[in-house]
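Me: Could you take a close look at one part of this model for me? I'd like to hear about a loop residue and the sheet that goes with this region.

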Amino acid sequence: MTATPPRRTLLIVPLTQPNPAAMREAVGQAVRAGADAVELRLDYLSQPTEEDLRGLLADRPCPVIVTARSPAEGGHGELSQDARLRLLEAAARLDAEWIDIELATLQAVGSLPPALARVAARKLIVSAHDFVGRPDLPALLARLEGGPGAVNKIAFAASGPEDALAAIDLLRASRKPAIALAMGEHGLASRILAAKFAAFGTFASLTAGSASATGQPSIADLRGLYRWADITPATKVYGVIGCPVGHSMSPAIHNAAFAAAGQDAVYLPLRIEPGAEHFNRFIDAALARPWLGLAGLSVTIPHKENALARVGTDNVDPLAASIGAINTVALTGDPDRPMLGRNTDYAAAIDALVEAMGWAREDLAGRRVAVLGAGGAARALVAALAHYGAHTTIYNRTVLRGETLAAEFDSPVAPVRAAGMDALPTARAEIVINCTPIGMFPHVDACPLPDDFDLAGVAVVFDTIYNPATTELLRRAARAGCRTVTGLEMFVNQAVAQYELWTGRPAPRQAMREVVLRRLSAD
Ligand code: NAP
(Lines give C-alpha, C1' and ligand atoms only; values in the text may rest on other atoms or scores of the structure.)
Protein backbone atom coordinates (compact mmCIF):
# COMPACT_ATOMS: atom_id res chain seq x y z
CA MET A 1 0.00 0.00 0.00
CA THR A 2 1.37 3.44 -0.85
CA ALA A 3 0.78 6.62 1.09
CA THR A 4 -2.08 8.83 0.00
CA PRO A 5 -0.61 12.25 -0.71
CA PRO A 6 -2.04 14.95 1.55
CA ARG A 7 -4.61 17.14 -0.17
CA ARG A 8 -2.62 20.23 0.61
CA THR A 9 1.06 20.80 1.27
CA LEU A 10 1.60 20.52 5.01
CA LEU A 11 2.97 23.49 6.88
CA ILE A 12 5.25 21.76 9.37
CA VAL A 13 6.86 23.44 12.37
CA PRO A 14 10.00 21.67 13.60
CA LEU A 15 10.33 21.65 17.37
CA THR A 16 13.75 21.71 18.99
CA GLN A 17 12.99 22.30 22.68
CA PRO A 18 15.40 20.71 25.18
CA ASN A 19 12.78 18.90 27.32
CA PRO A 20 9.46 17.14 26.71
CA ALA A 21 7.37 19.66 28.68
CA ALA A 22 8.65 22.58 26.63
CA MET A 23 8.22 20.61 23.41
CA ARG A 24 4.65 19.72 24.30
CA GLU A 25 3.91 23.36 25.05
CA ALA A 26 5.41 24.31 21.67
CA VAL A 27 3.13 21.85 19.86
CA GLY A 28 0.16 23.88 21.10
CA GLN A 29 1.81 27.14 20.09
CA ALA A 30 2.51 25.79 16.62
CA VAL A 31 -1.08 24.71 16.12
CA ARG A 32 -2.36 28.09 17.33
CA ALA A 33 0.03 29.78 14.86
CA GLY A 34 -1.48 27.79 12.00
CA ALA A 35 0.78 24.72 11.64
CA ASP A 36 -0.75 21.65 10.00
CA ALA A 37 1.82 19.34 11.62
CA VAL A 38 4.90 19.45 13.82
CA GLU A 39 8.21 17.66 13.58
CA LEU A 40 9.34 16.36 16.96
CA ARG A 41 13.14 16.57 16.88
CA LEU A 42 13.89 13.98 19.56
CA ASP A 43 17.61 14.54 19.08
CA TYR A 44 17.19 17.93 20.82
CA LEU A 45 15.81 16.33 24.01
CA SER A 46 18.40 15.36 26.55
CA GLN A 47 18.40 11.55 26.84
CA PRO A 48 14.91 11.03 25.36
CA THR A 49 13.00 7.87 26.33
CA GLU A 50 10.03 5.99 24.95
CA GLU A 51 8.03 7.40 27.89
CA ASP A 52 8.91 10.95 26.80
CA LEU A 53 7.65 10.14 23.33
CA ARG A 54 4.46 8.54 24.68
CA GLY A 55 3.79 11.76 26.61
CA LEU A 56 4.41 13.90 23.56
CA LEU A 57 2.07 11.84 21.40
CA ALA A 58 -0.76 11.59 23.95
CA ASP A 59 -3.77 13.75 22.99
CA ARG A 60 -1.74 15.51 20.33
CA PRO A 61 -3.62 18.36 18.67
CA CYS A 62 -2.06 17.82 15.23
CA PRO A 63 -0.23 15.15 13.21
CA VAL A 64 3.44 14.68 13.98
CA ILE A 65 6.62 13.68 12.24
CA VAL A 66 8.97 11.94 14.67
CA THR A 67 12.66 12.06 13.98
CA ALA A 68 15.91 11.63 15.87
CA ARG A 69 18.26 13.19 13.38
CA SER A 70 21.75 11.70 13.07
CA PRO A 71 24.65 14.01 13.98
CA ALA A 72 26.06 13.55 10.46
CA GLU A 73 22.93 15.18 9.00
CA GLY A 74 22.50 18.10 11.34
CA GLY A 75 21.30 16.20 14.42
CA HIS A 76 21.79 17.62 17.88
CA GLY A 77 23.36 15.78 20.80
CA GLU A 78 25.09 12.44 20.89
CA LEU A 79 22.38 9.79 20.56
CA SER A 80 23.83 6.53 19.30
CA GLN A 81 22.46 4.97 16.14
CA ASP A 82 20.85 2.19 18.23
CA ALA A 83 19.20 4.70 20.55
CA ARG A 84 17.85 6.67 17.61
CA LEU A 85 16.47 3.55 15.94
CA ARG A 86 14.80 2.44 19.17
CA LEU A 87 13.02 5.80 19.41
CA LEU A 88 11.84 5.59 15.82
CA GLU A 89 10.56 2.04 16.39
CA ALA A 90 8.71 3.29 19.44
CA ALA A 91 7.17 6.05 17.31
CA ALA A 92 5.92 3.38 14.89
CA ARG A 93 4.41 1.31 17.72
CA LEU A 94 2.81 4.44 19.21
CA ASP A 95 1.24 5.20 15.84
CA ALA A 96 2.90 8.54 15.11
CA GLU A 97 1.65 9.82 11.75
CA TRP A 98 5.10 9.90 10.13
CA ILE A 99 8.62 8.82 11.02
CA ASP A 100 11.67 10.34 9.38
CA ILE A 101 14.85 8.30 9.00
CA GLU A 102 17.97 9.28 7.03
CA LEU A 103 18.83 7.36 3.89
CA ALA A 104 22.37 7.12 5.26
CA THR A 105 21.11 5.49 8.46
CA LEU A 106 19.06 3.02 6.42
CA GLN A 107 22.13 2.17 4.40
CA ALA A 108 24.21 1.78 7.56
CA VAL A 109 21.78 -0.68 9.20
CA GLY A 110 21.18 -2.64 5.99
CA SER A 111 17.54 -3.50 6.66
CA LEU A 112 14.71 -1.76 8.48
CA PRO A 113 13.90 -2.89 12.02
CA PRO A 114 10.57 -4.82 11.91
CA ALA A 115 8.45 -2.12 13.60
CA LEU A 116 9.55 0.39 10.98
CA ALA A 117 9.32 -2.07 8.11
CA ARG A 118 5.65 -2.71 8.95
CA VAL A 119 4.71 0.99 8.56
CA ALA A 120 7.29 2.07 5.96
CA ALA A 121 4.97 2.19 2.98
CA ARG A 122 2.51 4.45 4.80
CA LYS A 123 4.53 6.45 7.32
CA LEU A 124 8.21 6.45 6.55
CA ILE A 125 9.91 9.62 5.34
CA VAL A 126 13.38 8.79 4.06
CA SER A 127 15.57 11.87 4.12
CA ALA A 128 18.94 13.08 2.86
CA HIS A 129 20.60 16.33 3.96
CA ASP A 130 23.66 18.02 2.50
CA PHE A 131 24.84 21.08 4.39
CA VAL A 132 27.72 21.80 2.01
CA GLY A 133 26.20 22.09 -1.43
CA ARG A 134 24.03 20.58 -4.12
CA PRO A 135 24.54 16.79 -4.34
CA ASP A 136 23.86 14.69 -7.45
CA LEU A 137 20.11 15.21 -7.19
CA PRO A 138 18.87 12.77 -9.87
CA ALA A 139 21.02 9.96 -8.38
CA LEU A 140 19.82 10.75 -4.87
CA LEU A 141 16.20 10.84 -5.94
CA ALA A 142 16.59 7.48 -7.72
CA ARG A 143 17.90 5.93 -4.49
CA LEU A 144 14.98 7.32 -2.49
CA GLU A 145 12.43 6.25 -5.10
CA GLY A 146 13.80 2.71 -4.96
CA GLY A 147 13.81 2.64 -1.15
CA PRO A 148 11.14 1.56 1.34
CA GLY A 149 9.82 5.02 2.26
CA ALA A 150 6.44 6.56 1.59
CA VAL A 151 7.81 10.10 1.31
CA ASN A 152 11.11 11.35 -0.14
CA LYS A 153 12.88 14.23 1.56
CA ILE A 154 15.95 16.00 0.18
CA ALA A 155 17.48 19.15 1.69
CA PHE A 156 20.72 20.70 0.51
CA ALA A 157 22.65 23.96 0.88
CA ALA A 158 21.88 26.48 -1.87
CA SER A 159 24.40 28.91 -3.34
CA GLY A 160 21.95 30.78 -5.59
CA PRO A 161 18.19 30.84 -6.21
CA GLU A 162 18.70 28.47 -9.17
CA ASP A 163 19.28 25.82 -6.49
CA ALA A 164 15.76 26.49 -5.23
CA LEU A 165 14.55 25.76 -8.76
CA ALA A 166 16.58 22.53 -8.77
CA ALA A 167 14.76 21.54 -5.58
CA ILE A 168 11.44 22.21 -7.29
CA ASP A 169 12.60 19.98 -10.18
CA LEU A 170 12.78 17.19 -7.59
CA LEU A 171 9.20 17.80 -6.49
CA ARG A 172 8.10 17.50 -10.09
CA ALA A 173 10.21 14.41 -10.78
CA SER A 174 9.40 12.46 -7.61
CA ARG A 175 6.78 9.71 -7.97
CA LYS A 176 6.38 9.52 -4.21
CA PRO A 177 5.14 12.54 -2.23
CA ALA A 178 8.23 14.65 -1.61
CA ILE A 179 9.83 17.39 0.40
CA ALA A 180 12.64 19.14 -1.47
CA LEU A 181 14.30 22.14 0.11
CA ALA A 182 17.26 24.30 -0.78
CA MET A 183 18.64 25.55 2.53
CA GLY A 184 19.96 29.01 3.31
CA GLU A 185 18.75 32.44 2.21
CA HIS A 186 19.30 31.53 -1.46
CA GLY A 187 16.85 28.65 -1.21
CA LEU A 188 13.83 30.46 0.22
CA ALA A 189 11.82 30.10 -3.00
CA SER A 190 11.85 26.31 -2.63
CA ARG A 191 10.25 26.60 0.79
CA ILE A 192 7.52 29.05 -0.21
CA LEU A 193 6.70 27.56 -3.61
CA ALA A 194 6.38 24.07 -2.09
CA ALA A 195 2.61 24.66 -2.05
CA LYS A 196 2.51 25.57 -5.74
CA PHE A 197 4.25 22.33 -6.64
CA ALA A 198 2.24 20.03 -4.35
CA ALA A 199 5.10 19.14 -2.04
CA PHE A 200 4.31 16.84 0.86
CA GLY A 201 5.32 19.64 3.18
CA THR A 202 7.42 22.67 3.95
CA PHE A 203 9.02 23.74 7.21
CA ALA A 204 8.54 27.03 9.03
CA SER A 205 9.95 28.04 12.39
CA LEU A 206 7.75 28.82 15.36
CA THR A 207 9.45 32.19 15.87
CA ALA A 208 11.88 34.23 13.79
CA GLY A 209 14.84 33.07 15.88
CA SER A 210 14.03 29.36 16.24
CA ALA A 211 14.70 27.94 12.78
CA SER A 212 16.00 24.36 12.75
CA ALA A 213 17.73 24.96 9.41
CA THR A 214 19.08 28.09 7.73
CA GLY A 215 16.68 29.94 5.47
CA GLN A 216 13.55 28.62 7.17
CA PRO A 217 10.95 31.39 7.27
CA SER A 218 8.93 31.90 10.43
CA ILE A 219 5.38 30.62 10.34
CA ALA A 220 4.18 34.23 10.75
CA ASP A 221 6.10 35.33 7.65
CA LEU A 222 5.12 32.29 5.62
CA ARG A 223 1.43 32.75 6.35
CA GLY A 224 1.32 36.57 6.54
CA LEU A 225 4.00 38.01 4.29
CA TYR A 226 4.12 35.17 1.73
CA ARG A 227 0.40 34.35 1.62
CA TRP A 228 0.97 30.60 2.15
CA ALA A 229 -2.73 29.74 2.35
CA ASP A 230 -3.44 31.44 -0.99
CA ILE A 231 -0.73 29.73 -3.05
CA THR A 232 -2.19 27.42 -5.71
CA PRO A 233 -0.71 25.52 -8.65
CA ALA A 234 -1.70 28.51 -10.81
CA THR A 235 -0.03 31.14 -8.62
CA LYS A 236 2.17 33.52 -10.61
CA VAL A 237 5.61 34.12 -9.19
CA TYR A 238 7.37 37.48 -8.82
CA GLY A 239 10.45 38.48 -6.92
CA VAL A 240 13.17 40.95 -6.16
CA ILE A 241 16.71 40.19 -7.26
CA GLY A 242 19.45 41.83 -5.22
CA CYS A 243 22.23 41.32 -2.71
CA PRO A 244 21.41 41.83 0.04
CA VAL A 245 17.62 41.45 -0.16
CA GLY A 246 16.87 40.54 3.44
CA HIS A 247 15.80 44.09 4.34
CA SER A 248 14.00 44.85 1.08
CA MET A 249 10.46 46.15 1.52
CA SER A 250 9.51 44.92 -1.94
CA PRO A 251 8.10 41.55 -0.78
CA ALA A 252 5.89 43.32 1.76
CA ILE A 253 4.64 45.96 -0.66
CA HIS A 254 3.97 43.64 -3.60
CA ASN A 255 2.46 40.78 -1.60
CA ALA A 256 0.17 43.30 0.10
CA ALA A 257 -0.78 44.66 -3.31
CA PHE A 258 -1.55 41.19 -4.70
CA ALA A 259 -3.61 40.39 -1.61
CA ALA A 260 -5.53 43.69 -1.74
CA ALA A 261 -6.31 43.20 -5.43
CA GLY A 262 -7.15 39.49 -5.09
CA GLN A 263 -4.38 38.45 -7.51
CA ASP A 264 -3.23 34.81 -7.48
CA ALA A 265 0.43 35.77 -7.15
CA VAL A 266 3.31 35.65 -4.70
CA TYR A 267 6.45 37.79 -4.50
CA LEU A 268 9.74 36.46 -3.13
CA PRO A 269 13.16 37.80 -2.18
CA LEU A 270 15.75 36.26 -4.52
CA ARG A 271 19.27 36.77 -3.24
CA ILE A 272 21.81 36.66 -6.06
CA GLU A 273 25.48 37.26 -5.33
CA PRO A 274 27.15 40.20 -7.15
CA GLY A 275 28.35 39.58 -10.69
CA ALA A 276 26.70 39.18 -14.08
CA GLU A 277 27.55 35.46 -14.10
CA HIS A 278 25.40 34.87 -11.00
CA PHE A 279 22.58 36.99 -12.39
CA ASN A 280 22.64 35.19 -15.74
CA ARG A 281 22.81 31.75 -14.12
CA PHE A 282 19.51 32.44 -12.37
CA ILE A 283 17.85 33.94 -15.44
CA ASP A 284 18.93 30.93 -17.55
CA ALA A 285 17.53 28.57 -14.91
CA ALA A 286 14.24 30.50 -14.70
CA LEU A 287 13.74 30.76 -18.48
CA ALA A 288 14.41 27.03 -18.84
CA ARG A 289 11.43 26.36 -16.55
CA PRO A 290 8.36 27.99 -18.12
CA TRP A 291 6.13 25.97 -15.75
CA LEU A 292 7.53 28.03 -12.88
CA GLY A 293 5.10 30.84 -13.65
CA LEU A 294 7.75 33.52 -13.13
CA ALA A 295 6.09 36.66 -14.43
CA GLY A 296 8.07 39.63 -13.16
CA LEU A 297 11.18 40.72 -11.33
CA SER A 298 12.22 43.80 -9.44
CA VAL A 299 15.95 44.36 -9.64
CA THR A 300 18.01 46.18 -7.06
CA ILE A 301 21.66 46.69 -6.07
CA PRO A 302 23.96 45.31 -7.49
CA HIS A 303 22.15 43.89 -10.53
CA LYS A 304 20.40 46.78 -12.31
CA GLU A 305 23.11 47.10 -14.97
CA ASN A 306 23.37 43.31 -15.30
CA ALA A 307 19.63 43.21 -15.87
CA LEU A 308 19.80 45.76 -18.67
CA ALA A 309 22.70 43.91 -20.29
CA ARG A 310 20.76 40.66 -20.15
CA VAL A 311 17.38 42.01 -21.30
CA GLY A 312 19.04 44.03 -24.07
CA THR A 313 18.58 47.70 -24.96
CA ASP A 314 16.10 46.77 -27.72
CA ASN A 315 13.74 45.44 -25.09
CA VAL A 316 13.70 48.39 -22.68
CA ASP A 317 12.23 51.89 -22.80
CA PRO A 318 14.55 54.50 -24.36
CA LEU A 319 15.19 56.36 -21.12
CA ALA A 320 16.14 53.11 -19.36
CA ALA A 321 18.64 52.49 -22.16
CA SER A 322 20.18 55.94 -21.71
CA ILE A 323 20.21 55.52 -17.91
CA GLY A 324 22.00 52.19 -18.42
CA ALA A 325 20.05 50.35 -15.74
CA ILE A 326 16.65 48.78 -15.19
CA ASN A 327 14.83 47.96 -11.98
CA THR A 328 11.93 46.04 -13.52
CA VAL A 329 11.70 42.98 -15.74
CA ALA A 330 8.51 41.49 -17.14
CA LEU A 331 8.69 37.89 -18.34
CA THR A 332 6.51 37.55 -21.39
CA GLY A 333 6.46 33.81 -22.06
CA ASP A 334 7.35 34.65 -25.69
CA PRO A 335 10.47 32.64 -26.67
CA ASP A 336 11.46 35.30 -29.24
CA ARG A 337 11.29 38.15 -26.75
CA PRO A 338 11.22 36.54 -23.30
CA MET A 339 11.92 39.66 -21.23
CA LEU A 340 11.01 43.35 -21.28
CA GLY A 341 12.75 45.87 -19.05
CA ARG A 342 11.76 49.23 -17.57
CA ASN A 343 13.33 51.78 -15.29
CA THR A 344 10.49 52.83 -13.03
CA ASP A 345 12.87 54.66 -10.65
CA TYR A 346 13.20 57.68 -12.91
CA ALA A 347 9.57 58.78 -13.18
CA ALA A 348 8.97 57.63 -9.59
CA ALA A 349 11.69 59.95 -8.28
CA ILE A 350 10.86 62.97 -10.41
CA ASP A 351 7.17 62.71 -9.62
CA ALA A 352 7.80 62.37 -5.87
CA LEU A 353 9.78 65.63 -6.06
CA VAL A 354 7.51 67.72 -8.24
CA GLU A 355 4.29 66.54 -6.58
CA ALA A 356 5.64 67.56 -3.16
CA MET A 357 6.40 71.03 -4.55
CA GLY A 358 3.14 71.38 -6.48
CA TRP A 359 5.15 71.65 -9.70
CA ALA A 360 4.84 70.04 -13.11
CA ARG A 361 7.91 68.13 -14.37
CA GLU A 362 8.56 70.99 -16.79
CA ASP A 363 8.94 73.39 -13.84
CA LEU A 364 12.34 71.79 -13.21
CA ALA A 365 13.77 73.68 -16.19
CA GLY A 366 16.56 76.02 -15.12
CA ARG A 367 16.50 75.03 -11.44
CA ARG A 368 19.86 74.38 -9.73
CA VAL A 369 20.06 70.87 -8.33
CA ALA A 370 22.74 69.17 -6.22
CA VAL A 371 22.71 65.39 -6.60
CA LEU A 372 24.73 63.49 -3.99
CA GLY A 373 26.04 60.21 -5.36
CA ALA A 374 26.65 58.87 -8.84
CA GLY A 375 25.34 55.30 -8.61
CA GLY A 376 22.20 53.74 -10.03
CA ALA A 377 19.65 55.99 -8.29
CA ALA A 378 21.64 59.14 -9.11
CA ARG A 379 21.90 58.07 -12.72
CA ALA A 380 18.11 57.75 -13.05
CA LEU A 381 17.62 61.16 -11.45
CA VAL A 382 20.36 62.92 -13.41
CA ALA A 383 18.94 61.54 -16.68
CA ALA A 384 15.49 62.79 -15.77
CA LEU A 385 16.68 66.17 -14.47
CA ALA A 386 18.66 66.71 -17.66
CA HIS A 387 15.66 65.66 -19.71
CA TYR A 388 13.53 68.32 -18.02
CA GLY A 389 16.19 71.05 -18.31
CA ALA A 390 17.44 71.34 -14.73
CA HIS A 391 21.02 72.56 -14.05
CA THR A 392 22.62 69.72 -12.13
CA THR A 393 25.83 69.27 -10.17
CA ILE A 394 26.77 65.76 -9.08
CA TYR A 395 28.75 65.47 -5.84
CA ASN A 396 30.34 62.08 -5.50
CA ARG A 397 32.96 60.41 -3.33
CA THR A 398 34.66 59.00 -6.43
CA VAL A 399 34.97 62.20 -8.47
CA LEU A 400 35.77 60.44 -11.73
CA ARG A 401 32.55 58.44 -11.51
CA GLY A 402 30.59 61.68 -11.05
CA GLU A 403 32.43 63.31 -13.97
CA THR A 404 31.71 60.36 -16.23
CA LEU A 405 28.03 60.50 -15.35
CA ALA A 406 27.91 64.28 -15.85
CA ALA A 407 29.57 64.03 -19.27
CA GLU A 408 26.94 61.56 -20.42
CA PHE A 409 23.98 63.84 -19.75
CA ASP A 410 25.55 67.33 -20.05
CA SER A 411 24.01 69.60 -22.70
CA PRO A 412 23.93 73.36 -23.35
CA VAL A 413 20.28 73.64 -22.21
CA ALA A 414 20.68 71.37 -19.21
CA PRO A 415 24.27 71.54 -17.98
CA VAL A 416 25.48 68.73 -15.75
CA ARG A 417 28.70 69.28 -13.75
CA ALA A 418 30.57 67.12 -11.25
CA ALA A 419 32.57 67.72 -8.08
CA GLY A 420 33.83 65.86 -5.03
CA MET A 421 31.83 65.69 -1.80
CA ASP A 422 34.34 68.17 -0.32
CA ALA A 423 32.94 70.86 -2.65
CA LEU A 424 29.46 70.59 -1.08
CA PRO A 425 29.87 73.57 1.31
CA THR A 426 30.19 75.87 -1.73
CA ALA A 427 27.14 74.40 -3.52
CA ARG A 428 24.41 76.88 -4.45
CA ALA A 429 21.38 74.70 -5.05
CA GLU A 430 17.62 75.10 -4.74
CA ILE A 431 17.11 71.35 -4.72
CA VAL A 432 19.30 68.82 -2.89
CA ILE A 433 18.83 65.14 -3.63
CA ASN A 434 20.63 62.40 -1.71
CA CYS A 435 21.33 59.32 -3.81
CA THR A 436 23.93 57.80 -1.51
CA PRO A 437 23.11 55.21 1.15
CA ILE A 438 24.45 57.51 3.89
CA GLY A 439 21.80 57.58 6.62
CA MET A 440 20.20 54.31 5.58
CA PHE A 441 19.25 51.67 8.15
CA PRO A 442 21.10 50.67 10.33
CA HIS A 443 23.37 53.77 10.15
CA VAL A 444 20.46 56.08 10.81
CA ASP A 445 22.46 58.86 12.51
CA ALA A 446 24.66 59.52 9.47
CA CYS A 447 24.06 62.52 7.21
CA PRO A 448 25.56 62.98 3.74
CA LEU A 449 25.79 66.78 4.07
CA PRO A 450 28.80 68.22 5.92
CA ASP A 451 28.06 70.20 9.09
CA ASP A 452 29.05 73.47 7.36
CA PHE A 453 26.60 73.01 4.49
CA ASP A 454 24.27 76.02 4.50
CA LEU A 455 20.67 75.00 3.86
CA ALA A 456 19.45 78.61 3.63
CA GLY A 457 18.28 79.13 0.07
CA VAL A 458 17.55 75.41 -0.43
CA ALA A 459 13.84 75.04 -1.21
CA VAL A 460 13.57 71.28 -1.04
CA VAL A 461 15.65 68.33 0.13
CA PHE A 462 14.80 64.90 -1.27
CA ASP A 463 16.36 61.83 0.32
CA THR A 464 15.90 58.75 -1.87
CA ILE A 465 16.49 56.51 1.16
CA TYR A 466 13.21 54.98 2.35
CA ASN A 467 14.41 53.02 5.35
CA PRO A 468 14.04 54.99 7.54
CA ALA A 469 11.50 57.27 5.88
CA THR A 470 12.68 60.27 7.89
CA THR A 471 16.45 60.31 7.70
CA GLU A 472 18.86 62.49 9.64
CA LEU A 473 19.27 64.56 6.45
CA LEU A 474 15.53 65.23 6.26
CA ARG A 475 15.34 66.10 9.96
CA ARG A 476 18.11 68.63 9.46
CA ALA A 477 16.43 70.04 6.35
CA ALA A 478 13.11 70.39 8.14
CA ARG A 479 14.82 72.23 11.01
CA ALA A 480 16.29 74.64 8.44
CA GLY A 481 12.83 75.31 6.99
CA CYS A 482 13.25 73.34 3.74
CA ARG A 483 10.47 71.25 2.22
CA THR A 484 11.32 67.56 2.48
CA VAL A 485 10.56 64.60 0.25
CA THR A 486 11.08 61.04 1.46
CA GLY A 487 12.30 58.07 -0.49
CA LEU A 488 9.08 56.39 0.61
CA GLU A 489 7.09 58.32 -2.02
CA MET A 490 9.61 57.32 -4.68
CA PHE A 491 9.56 53.74 -3.46
CA VAL A 492 5.78 53.50 -3.56
CA ASN A 493 5.70 55.19 -6.99
CA GLN A 494 8.19 52.75 -8.51
CA ALA A 495 6.39 49.74 -7.02
CA VAL A 496 3.05 51.02 -8.33
CA ALA A 497 4.56 51.33 -11.82
CA GLN A 498 5.99 47.79 -11.58
CA TYR A 499 2.68 46.35 -10.47
CA GLU A 500 0.85 48.06 -13.32
CA LEU A 501 3.40 46.89 -15.89
CA TRP A 502 3.18 43.27 -14.68
CA THR A 503 -0.57 43.00 -14.22
CA GLY A 504 -1.95 45.60 -16.65
CA ARG A 505 -4.27 46.77 -13.85
CA PRO A 506 -4.33 49.82 -11.57
CA ALA A 507 -2.28 49.23 -8.44
CA PRO A 508 -3.86 49.39 -4.95
CA ARG A 509 -1.61 52.34 -4.04
CA GLN A 510 -3.07 53.03 -0.63
CA ALA A 511 -2.60 49.43 0.55
CA MET A 512 0.96 49.52 -0.76
CA ARG A 513 1.82 52.76 1.02
CA GLU A 514 0.28 51.59 4.27
CA VAL A 515 2.20 48.34 4.39
CA VAL A 516 5.51 50.16 3.94
CA LEU A 517 4.63 52.64 6.68
CA ARG A 518 3.62 49.78 8.99
CA ARG A 519 6.86 47.95 8.32
CA LEU A 520 8.96 51.05 8.86
CA SER A 521 7.30 51.89 12.16
CA ALA A 522 7.80 48.28 13.30
CA ASP A 523 11.57 48.48 12.72
P1 NAP B 1 24.84 52.54 -5.86
O2 NAP B 1 24.64 52.35 -7.31
O3 NAP B 1 25.63 51.54 -5.12
O4 NAP B 1 25.51 53.97 -5.65
C5 NAP B 1 25.82 54.40 -4.37
C6 NAP B 1 26.38 55.82 -4.46
O7 NAP B 1 26.57 56.26 -3.14
C8 NAP B 1 27.72 55.92 -5.16
O9 NAP B 1 27.77 57.14 -5.82
C10 NAP B 1 28.70 55.85 -4.01
O11 NAP B 1 29.88 56.56 -4.25
C12 NAP B 1 27.96 56.59 -2.94
N13 NAP B 1 28.34 56.14 -1.63
C14 NAP B 1 28.14 54.90 -1.09
N15 NAP B 1 28.62 54.86 0.16
C16 NAP B 1 29.18 56.08 0.41
C17 NAP B 1 29.85 56.65 1.51
N18 NAP B 1 30.02 55.95 2.63
N19 NAP B 1 30.26 57.92 1.43
C20 NAP B 1 30.07 58.64 0.30
N21 NAP B 1 29.45 58.16 -0.79
C22 NAP B 1 29.00 56.89 -0.74
O23 NAP B 1 23.44 52.64 -5.10
P24 NAP B 1 22.03 53.20 -5.67
O25 NAP B 1 21.25 52.13 -6.28
O26 NAP B 1 22.31 54.43 -6.46
O27 NAP B 1 21.29 53.55 -4.33
C28 NAP B 1 21.68 54.67 -3.58
C29 NAP B 1 20.59 55.05 -2.62
O30 NAP B 1 19.38 55.29 -3.30
C31 NAP B 1 20.28 53.97 -1.59
O32 NAP B 1 20.34 54.56 -0.33
C33 NAP B 1 18.87 53.52 -1.86
O34 NAP B 1 18.15 53.33 -0.66
C35 NAP B 1 18.30 54.69 -2.61
N36 NAP B 1 17.29 54.22 -3.55
C37 NAP B 1 15.99 54.48 -3.25
C38 NAP B 1 15.02 54.05 -4.08
C39 NAP B 1 13.58 54.34 -3.73
O40 NAP B 1 12.69 53.80 -4.35
N41 NAP B 1 13.32 55.21 -2.77
C42 NAP B 1 15.32 53.35 -5.24
C43 NAP B 1 16.67 53.11 -5.54
C44 NAP B 1 17.63 53.54 -4.67
P45 NAP B 1 31.13 55.94 -5.07
O46 NAP B 1 30.83 56.14 -6.52
O47 NAP B 1 32.29 56.69 -4.57
O48 NAP B 1 31.16 54.47 -4.68
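**A loop asparagine and a five-stranded sheet**

Reply: Let's start with asparagine 315, which sits in the loop that links helix 12 (304-311) to helix 13 (318-323). Keep in mind that this is a predicted model. Is asparagine 315 buried or exposed? With a relative accessible area of 18%, asparagine 315 counts as buried, because the cut-off for that is under 20%. Setting aside its neighbours within four places in sequence, asparagine 315 makes contact with Arg337, Met339, Leu340 and Gly341.

Now for the sheet. It is an open one with five strands in the order 10-9-11-12-13, and the pairing is mixed. Strand 10 (265-271) and strand 13 (339-342) are the edges, each pairing on one side only. From one strand to the next, the twist averages 20°. Further in, strand 9 (residues 236-242) and strand 11 (residues 294-299) run parallel and are joined by five bridges. Across that pair, isoleucine 241 stands opposite valine 299 in strand 11. Packed on the sheet is helix 10 (residues 250-260), which touches strand 9, strand 10 and strand 11. The direction of helix 10 makes about 170° with that of strand 10.

As for the nonpolar cores, the largest has 123 residues, and Leu40 and Val66 touch the most other members. Apart from that core lies another, of 39 residues, with Ala348, Val354, Leu364 and Val416 among them. Not counting residues up to four places away in sequence, leucine 40 touches a list of residues including Leu15, Met23, Val27, Leu53 and Val66.

Key. Residues numbered from 1 in each chain as written. Predicted model: local features only at pLDDT ≥ 70, side-chain atom pairs only at ≥ 80, totals over all residues. Heavy atoms only, no water. Core = buried A, V, L, I, M, F, W, Y, C linked by side-chain atoms within 4.5 Å. Buried < 20%, exposed > 50% of the residue type's maximum accessible area, 1.4 Å probe, protein only. Contact = heavy atoms within 4.5 Å. Helix = DSSP H or I, 4+ residues; strand = E, 2+ residues; numbered from the N terminus. Pairing = 2+ DSSP bridges. Axes fitted to C-alpha atoms, helices over the stretch in contact; angles between N-to-C directions.
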